[in-house]
Amino acid sequence: MSIARAIDTLILMSRYLFKRLSAAIPTLFIIITAAFFLIHAAPGGPFDQEQRLPSQIVANLDTAFGLNQPLSVQYVRYMVALAHGDFGPSFKYKDYSVTELIVQGLPVTATLGVLAMLVALSFGVMMGTFAALRHNTAPDQATMLLAVIGIAVPSFVLLPFLGLIFGIYLHWLPVAGWESGSIRHLILPVFALALPPMSAIARLTRSNMLEVLRTPYVRTAFAKGLPRYLVIIRHALKPALVPVVGFLAPAVASILTGSLVVESIAGLPGIGRYLVQGALNRDYSLVLGMVILYSTVLILMGLVVDLLYAWLDPRVRLN
Amino acid sequence: MVLPGIWADAARRFQSGVAAKAGLVVIFSLALLAIVGPWINPNRFDALDWANVAVAPTFQHAHWFGTDRLGRDLFVRALAGTRASLLIGLFASAISIIIGISYGAVAGYLGGRIDNLMMRSVEILSGLPLVFFVIFVTVLFGHNPYWLFVSIGAVGWLTMARIVRGQTLSLRQREFIEAAIASGASTGRIIYKHVIPNLLGPVIVYATLTVSQTILFESFLSFLGLGVQEPQASLGTLISAGAGEMESAPWILMIPGIILALLLTSLNFLGDGLRDALDVKER
């Protein structure tokens, strides 16, 4: 590729990125606004506890956190602070700001999620390719049987079962705990999170690979005597992966959702618990922070998917 | 029963699939057990048996699947839980299937700018973290079962809408519809004989998969403590209770876990079998 063309591509890509990112901001704005009014519309407040606080103290707390102001004022104040990168204080974890809570927990959740995604992608693609190459044989059918079970069985059922087998009966792996990210502690939760998307990716790869293997150019590659693995890697894999890329965003969503329960089962100190607990506690700023974080991840993932499409399939143009 | 053309073919193809047939048998057996279960065991689903707390499966006192921490019979609770999960799954699926079909059919039938607008909003919605929205709604507006149906149903309709719309759109331009019009068939006859049978295939397939999705989602919410509330049981609450007792009383986890896994796997096998039988293409 000549330098001029490379620069052209670069300009095209940055223009595209800019366009997409500026389109993401209104989406995010709508999500935050909806979430803000939804959680404030819920009955109860952050200082309603089982042991009722004296009403004077609640009133003081409300004043201190600005909760006695009209909702519209609170909304504007929240958005202004947000624009300055301030997610506000947590109402429940009194000594922490939302940013601090996220910074503490995010590395755990991110490690778990990224590893699960890598496992799902690499094993899913391998399983699918393997099954396609052995189309209609026993190994193919066994792989696809496993894949259906993998799609069907959710991670919150799978993880306790794995813990029971590998932790309690066989004593091979620890059932729970983080231990600052030791690999032995990560194996079971990562696998439990990865299995559903991995199975879906395996099925997608298999059906696409079967189609690609029937195309004339792949038959040509075989006919000119290229070894099988080279035909697969150089010619068949890339086009077979195009539909898999479309599945990446749902896969990330599935892993994020799964991490809500997997972290609590495996006792991992991630951010998964904050969404549900925060909403139950009416910890307004914490919930909103989590909603913003998750939405941003999903929106960015959509962007990555489109860029990958353009890279994998030359017929797709960025515009 | 004599089935018309395409359905007879589909029935023949369906019967050649072992996994799908096995799935159907498992689903029917579980549903039947869930209905008659409470009558074949003397225990009640919320009766506390303090003399037999957390006992392993046994024939004594008819605790066939053992008891939980409070001495409640797990056979009866597991079947009551299966019934709750099946009911919620069916109702919530019905909601999302109805919304999905009407939305998709309207968009596909009207076409043009309205179709464009309607499908663009579906696209935007499916890009949003709707699962978190449902968690939100259930947390905020209490544990009312109606909210549970509505919020689970509200998430499931997007795929159905997309499929029905695409199907309607392409059906309108197919040769056999043109041929039917040319041979003077009435609009009603075309819709009844040609459009609906062709729309029904994908709808049945995705309805099966929607049921499995909603059952999964309900157990997920119940596992988080946001769905069905004690002393009522659903498979999710039972699994959640069992996961905490895994070391001392593994059967509390294993029984509802196996039932849920069986149910969801069977529904997926059934959906796949129907997809092959009705020759439905993805997208």
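A residue counts as buried when its relative accessible area is under 20%. Keep that cut-off in mind for the tour of this predicted model.

**Stop 1: chain A as a whole**

Select chain A and show it as a cartoon. Of its 319 residues, 45% are buried. You will see twelve helices and zero strands. Along the sequence, the pattern therefore reads α-α-α-α-α-α-α-α-α-α-α-α, with helices counted as DSSP runs from the N terminus. Turn the chain along its principal axes: the C-alpha atoms fill a box of roughly 85 × 60 × 30 Å.

Now switch on the surface. Chain A exposes about 16,200 Å², and carbon and sulfur atoms supply 68% of that area. Next, consider the contacts within the chain. Among those with a separation of 6 or more, 74% join residues 24 or more positions apart.

**Stop 2: inside helix α7**

Select residues 183-213 of chain A, which form helix α7, and pick out Ser199(A). Is Ser199(A) buried or exposed? Ser199(A) has a relative accessible area of 3%, so this residue is buried. Show what lies around Ser199(A). Beyond its neighbours within four places in sequence, Ser199(A) is in contact with Leu146(A), Ala147(A), Gly150(A) and Ile151(A).

**Stop 3: where chain A meets chain B**

Bring chain B into view. Select the residues in contact: 40 from chain A and 35 from chain B. The area buried between the two chains is about 3,100 Å². Carbon and sulfur atoms give 86% of that buried area. On the chain A side, colour Leu38(A), Phe156(A) and Phe161(A). These three lose the most area to chain B, together 18% of what that side buries.

**Stop 4: the polar links**

How many salt bridges are there between chain A and chain B? The count is one. Select Arg203(A) and Asp272(B) to find a salt bridge, with the closest N and O atoms 2.8 Å apart. The count of residue pairs in polar contact between the chains, both at pLDDT 80 or more, is also one.

**Stop 5: the helices that touch chain B**

Stay on the side of chain A that touches chain B. Colour α1 (3-41), α5 (138-152), α6 (155-169), α10 (248-266), α11 (272-280) and α12 (284-312) of chain A; each supplies at least two residues to that side. Which helix gives the most? It is α6(A), with eight residues.

Finish by colouring that side of chain A by class. You should find 34 nonpolar, four polar and two charged residues.

Notes:
Residues numbered from 1 in each chain as written. Chains lettered and ligands numbered in written order. Predicted model: local features only at pLDDT ≥ 70, side-chain atom pairs only at ≥ 80, totals over all residues. Heavy atoms only, no water. Contact = heavy atoms within 4.5 Å. Buried area = accessible area lost by both parts, 1.4 Å probe. Salt bridge = Lys/Arg side-chain N within 4 Å of Asp/Glu carboxyl O. Polar contact = N/O pair within 3.5 Å; in protein donor to acceptor, adjacent residues only side chain to side chain. Helix = DSSP H or I, 4+ residues; strand = E, 2+ residues; numbered from the N terminus. Nonpolar A, V, L, I, M, F, W, Y, C, P; charged D, E, K, R; others polar. Buried < 20%, exposed > 50% of the residue type's maximum accessible area, 1.4 Å probe, protein only. Areas by Shrake-Rupley, 256 points an atom, 1.4 Å probe, with all protein chains shown as cover.
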